[in-house]
Amino acid sequence: MPIRYYSTNRNLTDTAGIIPFTGAVSFKDALLAGQAPDEGLFVPDAIPQLSLNDIHALKGKPYREAALLVAQAFLADEFPREVLRKVVYDAYNYPVPLEEVYPQAFLMRLDQGPTASFKDFAARMMARLMSHCRPQGERLNILVATSGDTGSAVGEAFRGVAGIDVTILYPTAEVSLRQRKQLDSIGGNVQALSIDGKFDDCQNLVKQAFSDPQLTKFNLTSANSINFGRILPQSIYYVYAYAQLAAPGEEIVFSVPSGNFGNALGCEYARRMGLPVAKLLMPTNENDEFPNYLRTGKYTKVAPSRDCISNAMNVGHPSNLARFFELYGGTVDRSGVVHRYPDIAEMRQHIFSVSIADEETRQTIKNIYELYKTVLEQHGAVGWAGLTAYRKMTADKNLAVSLETAHPAKFPEEIEKLLGFSPELPASMKDIDQRQGDAVTMSSNYENFKNYLQINLKIKE
Ligand SMILES: *Cc1c(COP(=O)(O)O)cnc(C)c1O
C-alpha cells in the first residue's frame, strides 16, 4: 500500500469557515501544495519501519547513506531509487560532526551547510525533490515565512532552480544583522520582504495567501516547516547519529531546541520508524506553551510570542503542534484552539519539555565553554540546558545527543559578550559582512502583501 497524506483538520466540523478536507494525496501532491486545502497539515497514513540491522549497518558510512535509507523507506513508490540517490548525494555534501562533550553526551553540529543552520538539511533535499515534480511548463512560487534561518536555507537551496521563484518574509526587528545580510543578498529568483511585525505575523500572511482563491493562479507553495517535504529530511540525522554512536540494544536520548517543532517532529517520526529513542527532549525558550501543556494538561498559546535571544524559536503557537497532537490522538487548529486533547500519558512517556529562560541560556554558553571548551550559540544552548535539566530530574544515564542547530558565528554579538571572542566564520559565510542586498519593506497588512504578490509574481515559466 502506498503511503498517503491526509489533513490534520479532517475532523473539524465545528469550526467556522473551515470545510474539512477528507481526502488523501500522494507525497508529490503534499510537497507541491504545502498545506492541505482546509489549512490543515498533511500527515502520512502509515509510517514505514526501518530494520535495526539496516540502521546499524550505517555505522562509519557517510551521511548520505542514512539519507538514502530513510528516503527509500518513505518515497520508493513515487521516486525511482536513482532519483533519490541523486537527490541525497547532491544535497548532502558537507560534514555532520558528532562531538563528545563528556562521556555518553554528544553534540551533533547541524551547522556545516551553506547557510550554517540545520534548516539546510531539509531545504536542500526538498528543493531537489520539488524540481523533480514541478508541473511541466509552469512556474512555482514559494512563499516562506522565516524567523531567520529557514528563509536563507530555503533561498540558497532554490537559488537558480529553473521555474521556481522564492519570496521570503522575515520580521524586521527579530533577525540578527548577519541573518538579514544572508536573506537580503541571495538575489536572482529569490526576493526578501522585511515585514514590520513579528514572526507570527509573517506566518499568518503566508497562510492567508495560500487560502486566497485570487492567488491560486500563481501556484503558491510553502517551504515552511508546515510542508511535509521539510519534515521527512529532518528525521535522517537522528538515524545517522544513532547508527554512529549506539551499540546494538542501546537506547538514545535526543535534545532538540524547539520553536515550530519541525525538527523535533523529525525525531518523533524516526522513533516511530523503529529507532530506539528512549526520550525526545523538546526544550523551548520562554515561549513555554508546550512545557506548560505537558505539566498541566491544558494548552494555552503564548500571544504575542516572547522575544528571546534564541530568536529562531520565538514561537507562541508552534505550527507542527498539530502534527504532534494528531500522532497522539488529538486535534488542535492553527489558531491554537484544541478540539480534542491527545493522550497526555503517552506523550509524557515519550516526550519531555522544559522552558529555558534567557539567563540560563547565557549561563549554559559560559559553563559549557569553561568546562569543555565547546562553543554553543543560544539555540544549541537551550538544547543543552534541556538535556542537563532532564538528567537532573530523572537520573537518566542513556547515551544522549543534543543538537546544535546553528553556527555560533551567526550570532557574534551574543557570543562576544559572553565568551569575549567572536567565533570564526564557517567557509560558507566568509564573505557575509560584505554582501549587498535589497529587501522590500512592508507592513504586516494582508491587503498590502497581496497587492505586492499580484504585481510581482510570475505565472508561466
Ligand atoms: C528554526 C530553528 C530552530 C527551531 O526549529 P523548529 O523546527 O522550528 O522547532 C532552532 N534553532 C535554530 C537555529 C533554528 O533556525
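**View 1. Where domain 1 and domain 2 touch in this predicted model.** On one side of the meeting, 27 residues of domain 1 make contact, and their partners are 23 residues of domain 2. The domain assignment splits the protein into domain 1, covering 96–112 + 235–418, and domain 2, covering 117–227 + 431–461. Measure from centre to centre over C-alpha atoms and the two domains sit 26 Å apart.

**View 2. The area hidden between the domains.** Put together, domain 1 and domain 2 bury about 2100 Å², with 47% of it on carbon and sulfur atoms. Over on the domain 1 side, look for Asn311, Arg334 and Lys410: these lose the most area to domain 2, together 26% of what that side buries.

**View 3. A salt bridge, Asp307 with Lys198.** Here the closest N and O atoms of Asp307 and Lys198 are 3.3 Å apart. Across the interface of domain 1 and domain 2, the count of salt bridges is one.

**View 4. The cavity between the domains.** Just one cavity of 30 Å³ or more turns up, and its volume is about 290 Å³. Its lining has 28 residues, and the closest to the centre are Phe118, Lys119, Gly259, Asn260 and Ala312. Both domain 1 and domain 2 give residues to this lining, so the cavity lies between them.

**View 5. What the cavity lining is made of.** Sorted by class, there are 15 polar, 10 nonpolar and three charged residues in the lining. Three helices, α6 (149–158), α8 (199–210) and α11 (262–272), each supply at least two lining residues. The most comes from α11, with three residues.

Notes
Residues are numbered from 1 along each chain as its sequence is written. This is a predicted model: local features need pLDDT of at least 70, side-chain atom pairs count only at pLDDT 80 or more; totals for chains, interfaces and linings use all residues. Side-chain values use heavy atoms; hydrogens and water are left out. On a 1 Å grid over the protein atoms alone, a cavity is a set of points where a 1.4 Å probe fits but cannot get out, and a pocket is an open set with protein on both sides within 12 Å along at least five of seven lines; lining residues have an atom within 4 Å of a point. Grid points are joined across faces, edges and corners, and a volume is the space filled by probe spheres set on the points. Helices (H or I, at least four residues) and strands (E, at least two) are DSSP runs, numbered from the N terminus. Ala, Val, Leu, Ile, Met, Phe, Trp, Tyr, Cys and Pro count as nonpolar, Asp, Glu, Lys and Arg as charged, and the others, Gly among them, as polar. Domain bounds come from an automatic or database domain assignment. Contact means heavy atoms within 4.5 Å. Buried area is the accessible area (1.4 Å probe) that two parts lose on being put together, summed over both. A salt bridge is a side-chain nitrogen of Lys or Arg within 4 Å of a carboxyl oxygen of Asp or Glu.
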